[in-house]
Amino acid sequence: MAPPVDALLRRYPDAGEPLSCVPLTQGLLNRGYRLATTRGAYFLKQHLDAPTADRDTITRQHRATQRLHDLGLPVAPPLADSAGRTVAVIDDRCYALHPWVEGRHRDGAQLTTAGSRRLGALLGHVHTCLAQVMEAPPAGGAYESADPARTVEAVDELLRLARAHRPRDGFDELAEHRLAERRTLLAEHAHRRPPPASAGGWVHGDFHPLNVLYRGTEPAAIVDWDRLGVQPRAEEAVRAAAIFFVQPTGRLALAKVRAYARAYRSAADADAAELAAAVHRVWWERLNDFWILRWRYRLDDRRADPQFPAVSALAVWWTDEYEAVRDAFTS
């Protein structure tokens with residue numbers, strides 16, 4: 001369904017008259033549009049992801065990005081309407097209008113070693129700046145790690161669904177292979193389940209290549225702050241590296257990871273022990289996670305299918321190369 005552009009722009013009289021509204025193809029949870037008007041170009045976001053699509057949550061994100069912008073971070077805070085509001089609720093849907101940022105996405109293969117350092121430093125600055133602009137995180141929070149017994153139950157269910165899927169294709173065969181392989185790995189490594197982690201601080205929550213825009217070699221904007229929240233901060237650094245720097249074979253580009261991690265530790269004032277604990281917890285998370293297969297087999301949603309070969313291979317390679325990965329993040 002097309003967004004109500006005319007009704008929206010009446011709230012932003014300085015934005016001009018609409019000329020075109022083109023949906024963007026990237027993004028999995030919300031909808032984005034390039035809105036062209038007689039005054040210029042804008043990014044129109046329609047918030048749909050249920051956990052973060054209420055007005056109060058979005059407004060909190062908007063206030064945070066404005067404060068981060070004031071500190072000099074490359075973000076694109078939303079525009080305020082004629083009443084000073086940054087969230088427009090129309091037909092029970094929430095929308096926000098942002099300035100259009102020219103740029104492109106770059107994954108780890110497109111980053112040099114120097115670019116990897118800049119990325120790590122950028123995320124470190126995000127974490128330190130969030131600590132300045134957000135309220136103190138609640139005390140006493142803890143994050144449990146995945147229970148391997150429950151994971152095995154999920155593996156068995158997904159195996160049944162993969163084997164029964166019709167028409168059967170190469171993806172289903174790979175899914176069956178990886179699920180059986182993972183069940184064996186979980187049995188071998190169940191004793192390495194990490195203990196609960198304390199909540200560390202405010203994080204972006206979804207830092208990956210589709211949420212960082214580059215202009216040339218420099219980051220131009222960090223976008224999509226929907227998952228802003230409190231988590232162990234170094235885990236976001238490790239999780240992001242596992243997305244940016246994974247290769248099609250499922251290996252991590254460890255030289256770039258090392259440059260990125262050194263810059264992150266310096267910018268965030270994080271020590272090697274913090275990163276080592278994060279590496280262990282994110283490795284365990286990857287070993288127990290099958291979100292792409294849940295989307296495909298439970299929700300009949302195949303948008304993430306292209307990511308599965310590398311993501312599923314990464315968990316196996318990371319297990320085999322555990323010490324080398326930890327060393328890249330901590331030395």
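**Cavity, pocket and sheet in the predicted model**

The largest cavity is lined by R182, R286, D289, F290, W291, I292, F308, V311, S312 and A315. The structure described here is a predicted model. With a threshold of 30 Å³ or more, the structure holds one cavity, and the volume of the largest cavity is about 80 Å³. Two elements, α9 and α10, each give two or more residues to the lining of this cavity. The largest contribution is that of α10, which supplies four residues.

Helix α9 comprises residues 291-299, and its buried residues are I292, L293, W295, R296 and Y297. These buried positions span an arc of only 165 degrees around the helix axis and therefore lie on the same side of α9. The packing partners of the buried residues of α9 are three helices, namely α4 (148-164), α5 (170-189) and α10 (308-320). Helix α10 thus appears both among the partners of these buried residues and in the lining of the largest cavity. I292 belongs to the buried set of α9 and is also one of the residues that line the largest cavity. After α9 comes D300, which has a positive phi, near 55 degrees.

The second largest pocket has a volume of about 160 Å³. Its lining consists of A197, S198, G200, P232, R233, A234, E235, E274, A277, A278 and R281. Two or more of these residues are given by each of the elements β7 (197-198), α6 (233-244) and α8 (272-288). Helix α8 accounts for the largest share of this lining, with four residues.

Helix α6, one of the elements in that lining, also contains I243. With a relative accessibility of 37%, I243 is classed as partly exposed, because this value falls between the limits of 20% and 50%. When neighbours within four places in sequence are set aside, the contacts of I243 are with H208, P209 and R286. R286, one of these contacts, is also among the residues lining the largest cavity. A154 is 89 residues away from I243 along the chain, and the C-alpha atoms of the two are separated by 23 Å.

Attention now turns to the sheet. Five strands make up an open sheet, in which the order is β1-β2-β3-β5-β4 and the pairing is antiparallel. Its edges are formed by β1 (18-23) and β4 (88-90), each of which pairs on one side only. Direction ignored, neighbouring strands of this sheet are turned against each other by 30 degrees on average. In general, the strands of a sheet pair through backbone hydrogen bonds, in either a parallel or an antiparallel sense.

At one edge of the sheet, β1 is joined by five bridges to β2 (residues 31-37), and the two strands run antiparallel. Within this pairing, S20 has A36 in β2 as its bridge partner. Strand β2 also includes G32. G32 counts as buried because its relative accessibility is 12%, which is under the 20% limit. Not counting residues up to four places away in sequence, G32 touches V22, P23, L24, F43 and L44. Between the C-alpha atoms of G32 and E274 there are 36 Å in space, and 242 residues separate the two in sequence. E274 is one of the residues that line the second largest pocket.

Further along the sheet, β3 and β5 are antiparallel and are joined by six bridges. F43, one of the residues touched by G32, stands opposite H98 in β5. Strand β5 is mostly covered, with five of its seven residues buried. Three bridges connect β5 with β4, again in the antiparallel sense, and Y95 in β5 is the bridge partner of A88. The two strands form a hairpin with two residues between them; in the turn, D91 has a positive phi of about 55 degrees.

Helix α2 (residues 55-70) lies across β3 (40-47), β4 and β5 (93-99), and runs at about 15 degrees to β5. H62 is found in this helix. H62 is buried, because its relative accessible area of 7% is under the 20% limit. Apart from neighbours within four places in sequence, H62 is in contact with P78, T86, V87, A96 and H98. One of these contacts, H98, is the residue of β5 that stands opposite F43.

How values were computed. Residues are numbered from 1 along each chain as its sequence is written. This is a predicted model: local features need pLDDT of at least 70, side-chain atom pairs count only at pLDDT 80 or more; totals for chains, interfaces and linings use all residues. Side-chain values use heavy atoms; hydrogens and water are left out. Two strands pair if DSSP finds at least two bridges between them. Axes are lines fitted to C-alpha atoms, for helices over the stretch in contact, and angles run from 0 to 180 degrees between N-to-C directions. Contact means heavy atoms within 4.5 Å. Buried means under 20% relative accessible area, exposed over 50%, partly exposed in between (1.4 Å probe, protein chains only). The arc is that of the directions from the helix axis to the C-beta atoms. On a 1 Å grid over the protein atoms alone, a cavity is a set of points where a 1.4 Å probe fits but cannot get out, and a pocket is an open set with protein on both sides within 12 Å along at least five of seven lines; lining residues have an atom within 4 Å of a point. Grid points are joined across faces, edges and corners, and a volume is the space filled by probe spheres set on the points.
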